[in-house]
Amino acid sequence: MSISESKPSNFIQEAIENDIKTNRYGGRVHTRFPPEPNGYLHIGHAKAICIDFGMAELFGGLCNLRFDDTNPVKEDTEYVDSIMEDIRWLGFDWEDRLYYASDYFDQLYEYAVELIKKGKAFVCDLSPEEIRAYRGTLTEPGKESPYRNRSIEENLALFEQMKAGAFPDGSRVLRAKIDMRSPNMNMRDPVIYRILRATHHRTGDKWCIYPMYDYAHPLSDAIEGITHSLCSLEFEDHRPLYDWFLEALEIPQPPRQIEFARLNLTRTMTSKRKLRKLIEDGFVAGWDDPRMPTLSAMRRRGFPPSAIKEFCNRVGVAKNNSVVDFAQLEHCVREELNLHAPRIMAVLNPLRVVLVNYPEGQVEEFATENNPEDPNAGVRHVPFSRVVYIERDDFMEDPPKKFFRLAPGREVRLKSAYYITCQEVVKDPQTGEIVELRCTYDPESRGGSTPDNRRVRGTLHWVSEDHAVKAEVRLYDHLFLTDDPEDGGDYLANLNHQSVEIKKNCLVEASVTAAETGARYQFLRHGYFSVDPDSTADELVFNRIVSLKDSWGKMQKS
RNA sequence: UGGGGAGUAGUGAAAUGGUAUCACGGCAGCCUUUGGAGCUGCUUUUCCAGGUUCGAAUCCUGGCUCCUCAGCCA
């Protein structure tokens with residue numbers, strides 16, 4: 001099956017197909033992903049990346065990475081590196097096509113001179129406040145600047161002086177001469193160059209004038225030979241301006257801007273300012289705290305990049321503002337990990353179990369499958385002995401009807417090992433807390449089944465006391481309690497104060513001691529976990545990526 | 001209230017004048033050496049009102065609701 005058949009079609013794909021059919025760009029498809037290096041990429045960017053690179057891939061075209069760095073006061077090279085890392089992690093490749101809008105500053109300046117010569121741009125001396133006042137409102141037309149009809153020669157001279165640093169910051173701008181009466185605010189003689197003395201992360205102090213996005217973007221696209229410039233919906237009413245620059249400068253085969261709705265997720269906030277506040281207030285540890293919606297956080301948490309890509313494919317491409325259920329993402333993560341994550345046994349809340357009739361000092365090894373979904377994953381051997389630990393939640397002294405696990409007098413299976421029956425519950429005389437279970441095992445049930453084929457309802461995971469290793473496990477939950485973090489108007493009020501639970505004394509199978517950072521496992525009956533970089537030679541630290549679906553847990557809640 | 005967009009099950013998407021389809025979620029059942037996974041079934045939809053048509057989610061007219069634009073941000 002080809003890629004185009006496995007994905008539902010969308011309007012952008014159709015538009016590109018049509019352009020190919022009509023030979024609009026000589027059959028070429030060339031897109032670009034244009035981040036501003038002013039912050040970390042988040043899950044919303046992942047959708048844009050998948051669309052930009054994905055469309056090019058689908059049609060055998062190319063996608064450039066271009067940093068849209070036209071505002072030096074906001075941008076930093078620190079972000080450049082993290083953005084590249086995130087895109088690569090998602091599995092996309094811009095090959096040798098790494099560009100910066102700042103690479104084009106000279107060319108962009110020449111284009112501006114050309115606009116002036118064509119009488120399509122002018123230097124305006126109005127202050128920012130005056131420009132705002134002259135712009136008019138949504139319902140009233142704007143007024144033309146008194147500087148609008150300067151001669152070409154004067155504009156040329158002034159613009160050159162702007163570039164040369166003759167004027168203070170903010171004192172003058174270069175504006176496109178379009179239409180102050182346009183109902184589209186973007187066409188009311190927009191500013192295209194401003195004076196700004198700031199050190200640029202790439203061009204240093206070479207420039208004291210910088211182009212605006214609306215001007216730099218279409219021309220950067222044109223310079224790179226971009227055919228389809230895909231962006232989000234809020235740029236829809238910038239499109240006439242995008243086209244205006246290309247037409248004014250008589251760009252042949254001008255690129256075409258197509259807008260799509262950005263991704264929103266339930267229980268997720270992507271506002272840079274608000275996320276920063278969560279960090280500053282110490283609510284999360286940083287931009288890569290596994291609860292954050294950034295790609296670096298998702299990577300640390302253990303989300304497989306393929307799951308994120310699959311998720312982006314599934315949510316589709318459309319023009320309506322939407323909010324996708326986080327469960328959809330979790331589903332993609334589980335689907336991927338179910339197929340590929342090796343299984344191990346880990347006990348998060350250990351309860352000691354002594355098998356009273358099992359010989360002291362004896363150790364057996366039981367073969368158990370690494371992944372029942374993947375026959376090629378093989379088996380491993382787990383050690384078993386007289387004292388094991390099971391999950392505290394897997395025992396109840398006075399169990400309700402549908403509890404299929406261990407209880408006094410009841411028999412259950414220890415996965416791949418033996419059937420055991422609970423004979424005695426040992427409690428702390430002071431607190432009444434259950435400290436130990438004394439059970440018998442059935443030697444006939446070796447490997448987990450008996451000759452008489454009798455059934456047991458429950459199968460528990462376990463670890464051997466003498467062989468298990470201690471680990472820290474971090475259980476994550478959503479950062480917000482409400483689907484919409486802004487519900488009620490205050491996102492801080494909706495914060496989930498139990499969004500992380502750190503469990504210090506977990507016991508995991510010795511087979512994972514050598515696990516590398518980032519390795520992903522399924523902890524049997526719990527969920528999927530990855531090795532956090534906080535792990536040391538002495539102790540592994542695991543992040544819960546996502547839990548397994550838990551029908552027992554669900555029953556208990558209702 | 002000017003301009004630009006968008007309205008299809010709870011959520012996201014498809015259907016391009018011809019049986020409203022898919023995924024997620026929820027619910028029920030089957031199966032199970034993971035209460036996982038898998039399988040089966042159910043759940044539930046074209047913003048409203050007119051019109052054109054044998055036939056409308058799709059075309060036309062009018063309305064409603066939501067998003068978006070008044071940075072020398074991107």
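**Figure 1. Polar contacts between the protein and RNA strand B.** A polar backbone atom of Lys-402 sits 2.7 Å from a base nitrogen of RNA strand B in this predicted model. Nearby in the legend list is Gly-448, with a backbone N or O atom 2.9 Å from a base oxygen of the strand. Lys-74 uses its side chain instead: one of its polar atoms lies 3.3 Å from a sugar or linking oxygen of RNA strand B. Each of these is a pair of N or O atoms within 3.5 Å.

A word on conventions: residues are numbered from 1 along each chain as its sequence is written, while chains are lettered from A and ligands numbered from 1 in the order in which they are written. Because the model is predicted, local features need pLDDT of at least 70 and side-chain atom pairs pLDDT 80 or more, whereas totals for chains, interfaces and linings use all residues; side-chain values use heavy atoms, without hydrogens and water.

**Figure 2. The protein surface around RNA strand B.** Here you can find 66 residues near the strand, meaning that each has a heavy atom within 4 Å of it. Glu-14, Arg-343, Gly-447, Gln-522 and Arg-525 come nearest. Of the atoms of RNA strand B within 4 Å of the protein, 65% belong to sugar and phosphate. The surface residues divide into 24 nonpolar, 21 polar (Gly counts here) and 21 charged (Asp, Glu, Lys and Arg).

**Figure 3. Two nonpolar cores.** The largest core joins 66 residues; a core is a set of buried nonpolar residues (under 20% relative accessible area, 1.4 Å probe, protein chains only) joined through side-chain atoms within 4.5 Å. Ile-12, Ile-87, Leu-278 and Ile-308 have the most contacts inside it. Helix α3 (residues 43-58) gives the most, with ten residues. Apart from this core lies another of 39 residues, including Met-187 and Tyr-215.

**Figure 4. A salt bridge between Glu-486 and Lys-274.** The closest N and O atoms of this pair are 2.7 Å apart; a salt bridge puts a side-chain nitrogen of Lys or Arg within 4 Å of a carboxyl oxygen of Asp or Glu. Glu-486 lies in the loop between β21 (469-476) and β22 (500-508) and Lys-274 in helix α10 (residues 272-280), so the pair ties together parts 212 residues apart in sequence. Lys-274 is buried at 15% relative accessibility, whereas Glu-486, at 28%, is partly exposed (from 20% to 50%).

Methods: A polar contact is a pair of N or O atoms within 3.5 Å; within protein, one must be able to donate a hydrogen and the other to accept it, and residues adjacent in sequence count only if both atoms are side-chain atoms. Helices (H or I, at least four residues) and strands (E, at least two) are DSSP runs, numbered from the N terminus.
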